[in-house]
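I sat down with this one to see what the coordinates could tell me. My notes follow, in the order in which I looked things up.

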Amino acid sequence: MNFVKRFTPMTIVFIMIFVQVFESLFVIFSSSRYVAIGYLFLLNLLITFILLSQVKNYQLRRHDFISKINDEAENSLNATLDNMPIGVIRFNEETREPEWFNPFIDMIYKGLDKVINKDDIDLILQKKKEDQYVTIGNQKYVVNVDEEKHLIYLIDATKEVAFRSDFNDSRAVIGAISVDNYDDATDLISDSGRTVINSFIASFLEEFSDKYAFYLRRISSSRYFFFCDYRVLDGMIKDKFTVLKDFRTSSAENEIPLTLSIGVAYGWEDFPNIGKVAMNNLELAQVRGGDQVVLRENSTQARPIYFGGNSESRTQKSRTRARAISTALQTIITESEDVFIVGHRFTDMDALGAAIAMKAFANMSGKEAFVVYDENQLLPDVQRAIEKMNDSADGFTHIVKVETAARLKKPNSLLIMVDHSKPSQTLDFDFYNLFEKLVVIDHHRRDDDFPEQALLSYIESSASSASELTVEILQFHGNNNRRMSSIEASIALAGIEMDTKNFTKATTARTFEAAAYLRSRGADNDLIKVIMATDFEKYKTVNEIVINSKVIFPGIVLGMGIEGQKYDNITTAKAADTMLDMAGVTASFAITTHTNGFISVSARSRNGFNVQTLMEQMGGGGHFNNAATQIYEKSMEEVRTDLIRVLEERLEIEHKA
Ligand SMILES: Nc1ncnc2c1ncn2[C@@H]1O[C@H](COP(=O)(O)O[C@H]2[C@@H](O)[C@H](n3cnc4c(N)ncnc43)O[C@@H]2COP(=O)(O)O)[C@@H](O)[C@H]1O
Ligand SMILES: [Mn+2]
């Protein structure tokens, strides 16, 4: 029905005028009215037919028009797909064979002298899971996968990646360098000797700045700052901050016992904050024992990265600092309603000894204080010590269960965390969360899991034990009217003895001074022996692990618990201690299944072998020579394999160094 043209509105008006004129003439000249009506009827029929044809014609044309537009769009899409720099591949859902791909894909693979195949598709889909960009040849692509239609889109992002890496390289870096133990090294020497040390430090650091081409600024004899961009920092990271080892070695050659602590931060804009993060990182490097770098991006999600820390703690605690802490703590306690003291989970003798010393400190400050324990986490020696305290008490010993402590807590109560600083290791996390006022006293290296709200933290990784630290600040307390009882002094001394293995490790003159103070307060060796006695059955279990041990690398021994048998912390720890006591052993490890189901690793070492960083790699921590980790959802055998792998990596690094 396409024989009638589509009329324009004007044509229709003319036709209607013509029809009107024709009809009028017809009516005027017609011989009869009936004949006129007959002709007019035929004419109107013709007009109706013409109008219906017009409607049909209009619909047909509209359909043609849409289909033409569609054809054009499809052609141009195909042309675009063929020409644009986006690769499209359709693959078979089951076989992953390519079914169709556009010329851009052909071009990519022709550049590699091949045609895309199933393996390439597998590789793209696999790499897409691992990284944002997929590399094919020399180019980088962003990959989008339409799972439903089995289509892969590859968008060339080579320039974007290059731009991004340039952008990242231009991030600002601020570094703060401090020379560990500078004051001690220069305290009692002549002016000329001090000048030699100053010029050694200055020329070493100038060489360091020349090597990497950064701007170095001296603030004082022992404090420097540096500024550079991330590209320069990346060079130091790739070299694993060998500057630490070089400085340690050179200073030893010059018979100066110095090391470096470096805090570094980087980021975009906000220079004041980058500087602040660098200073915090420097402090972290120092409290972790010095001779290390702590590096962290200036962003809330960033975690610190550590380099070095390969020598035992070099930073010495100073008497001045202990006195200042003692004064500051007295002020905080005086401003609090009362004091609660907690140790870490499965509180051990050192944590209990430190808590008892802190209770005495709070009492001297005129405040009531409570040592908190959890009866479900009681080690046998700690239980015996608490019983002795209860037997001797004047009615109420102030050694309370965690539930009682939570009830006694008042809005303005102070919490003192001893022998730990990580909230994740605290005796009871819910109890910890009840407090707004917090003080931390610890002898472990600090890491980033640290209470933000701490009013005061006294962390000295060079101290033998938390008991030593607390007894030292106790000695600086001005009020000597309230003395420690003999049992309290005995428990604090037991804490020092436990961590120093009866004064055979990690002791300094300060350790003996603290012990002497406790003796003067009536610490009783017989009582300590009773409290610390080893249960006969436990002794046999420790030996079971020791007998089941092997030398896995020269000087490194690994003892395994019996499969299917469960052990407490102390048994595992004692097994590692016992193995380390054997001739020729530099490091010992004990792996057992803990009574709570996880796998426990205790690590011990001597002679500059750092087990802390090893255990950190396995999710734990501790000290340089005494560390541990707890691993969930792995078997003893899997943990053993992991440990051997981290040891191999370490030994490899040490061979190269
Ligand atoms: N996940 C962790 N993160 C950080 N640090 C950790 C983690 N897990 C453990 N640590 C620290 O590592 C060291 C070593 O722990 P360990 O379990 O091997 O040994 C501790 C006690 O189990 C052990 N101990 C307690 N009582 C006795 C005793 N009567 N005889 C022998 N050994 C005993 O001694 C270790 C106590 O160390 P301290 O708490 O540092 O004083 C440790 O530092 C963990 O905190
Ligand atoms: Mn402890």
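**Entry 1: valine 173**

I began with the contacts of valine 173, leaving aside neighbours within four places in sequence: they are Phe227, Cys228, Asp229, Tyr230, Val232, Leu233, Val264 and Tyr266. I call two residues in contact if their C-beta atoms, placed from the backbone, lie within 7 Å. Valine 173 sits in strand E6 (residues 172-180). Helices (H or I, at least four residues) and strands (E, at least two) are DSSP runs, numbered from the N terminus. I found the C-alpha atoms of valine 173 and tyrosine 230 separated by 6.1 Å, with their positions 57 residues apart along the chain. Valine 173 counts as buried because 23 other C-beta atoms lie within 10 Å. The cut-offs I use are buried for 20 or more other C-beta atoms within 10 Å of the residue's own, exposed for 12 or fewer, and partly exposed in between, with C-beta atoms placed from the backbone.

**Entry 2: ground rules**

I note that this is a predicted model, in which local features need pLDDT of at least 70 and side-chain atom pairs count only at pLDDT 80 or more, while totals for chains, interfaces and linings use all residues. Residues are numbered from 1 along each chain as its sequence is written, and chains are lettered from A and ligands numbered from 1 in the order in which they are written.

**Entry 3: the chain as a whole**

I count 23 helices and 24 strands in the chain. Of its 657 residues, 36% are buried. Among contacts between residues at least 6 apart in sequence, 63% join residues at least 24 apart.

**Entry 4: two helices**

How many residues of helix H16 (residues 466-475) are buried? Nine of its 10 are, so I wrote it down as mostly covered, going by the C-beta count. Among the buried ones are Glu468 and Glu472, along with Leu469, Val471 and Ile473. H5 is hardly covered: I get zero buried residues among its 12. Helix H5 (residues 158-169) reaches 17 Å from its first C-alpha to its last, close to the 16 Å expected at 1.5 Å a residue. That expected span is 1.5 Å times one less than the number of residues.

**Entry 5: nonpolar cores**

For a nonpolar core I take a set of buried Ala, Val, Leu, Ile, Met, Phe, Trp, Tyr and Cys residues joined through C-beta atoms within 7 Å. The largest has 64 residues, and Ile341, Ile416 and Val418 have the most contacts inside it. Helix H12 (residues 349-364) gives the most to this core, with 12 residues. Apart from it lies another core, of 34 residues, including Phe208 and Leu295. I then followed isoleucine 416: beyond four places in sequence, its contacts are Val339, Ile341, Met358, Val439 and Ile441. A reminder to myself: in soluble globular proteins, nonpolar side chains tend to be buried together.

**Entry 6: around ligand 1**

Which residues are closest to ligand 1? They are Asp348, Ser602, Gly621, Gly622 and Ala628, out of 24 that surround the ligand. A residue joins this shell if its C-beta atom, placed from the backbone, lies within 6 Å of the molecule. I sorted the shell into seven nonpolar, 10 polar and seven charged residues. In that sorting, Ala, Val, Leu, Ile, Met, Phe, Trp, Tyr, Cys and Pro are nonpolar, Asp, Glu, Lys and Arg are charged, and the others, Gly among them, are polar. Domain 4 (337-532) and domain 5 (538-656) each give at least three residues to the shell; the bounds come from an automatic or database domain assignment. At least two shell residues come from each of H12, helix H17 (486-499), helix H21 (569-580), strand E23 (621-622) and strand E24 (626-631).

**Entry 7: isoleucine 599**

I placed isoleucine 599 in strand E22 (residues 599-605). Its C-alpha is 5.0 Å from that of isoleucine 631, which is 32 residues away along the chain. Beyond four places in sequence, the contacts of isoleucine 599 include Ile591, Ile631 and Val639.

**Entry 8: two positive phi angles**

Most residues other than glycine have a negative phi. Phenylalanine 241 has a positive one of about 50°, and phenylalanine 503 has one of about 65°. I find phenylalanine 241 in the loop between helix H8 (230-238) and helix H9 (243-253). Phenylalanine 503 is in the loop between H17 and helix H18 (509-520), and it is partly exposed because 13 C-beta neighbours lie inside 10 Å.
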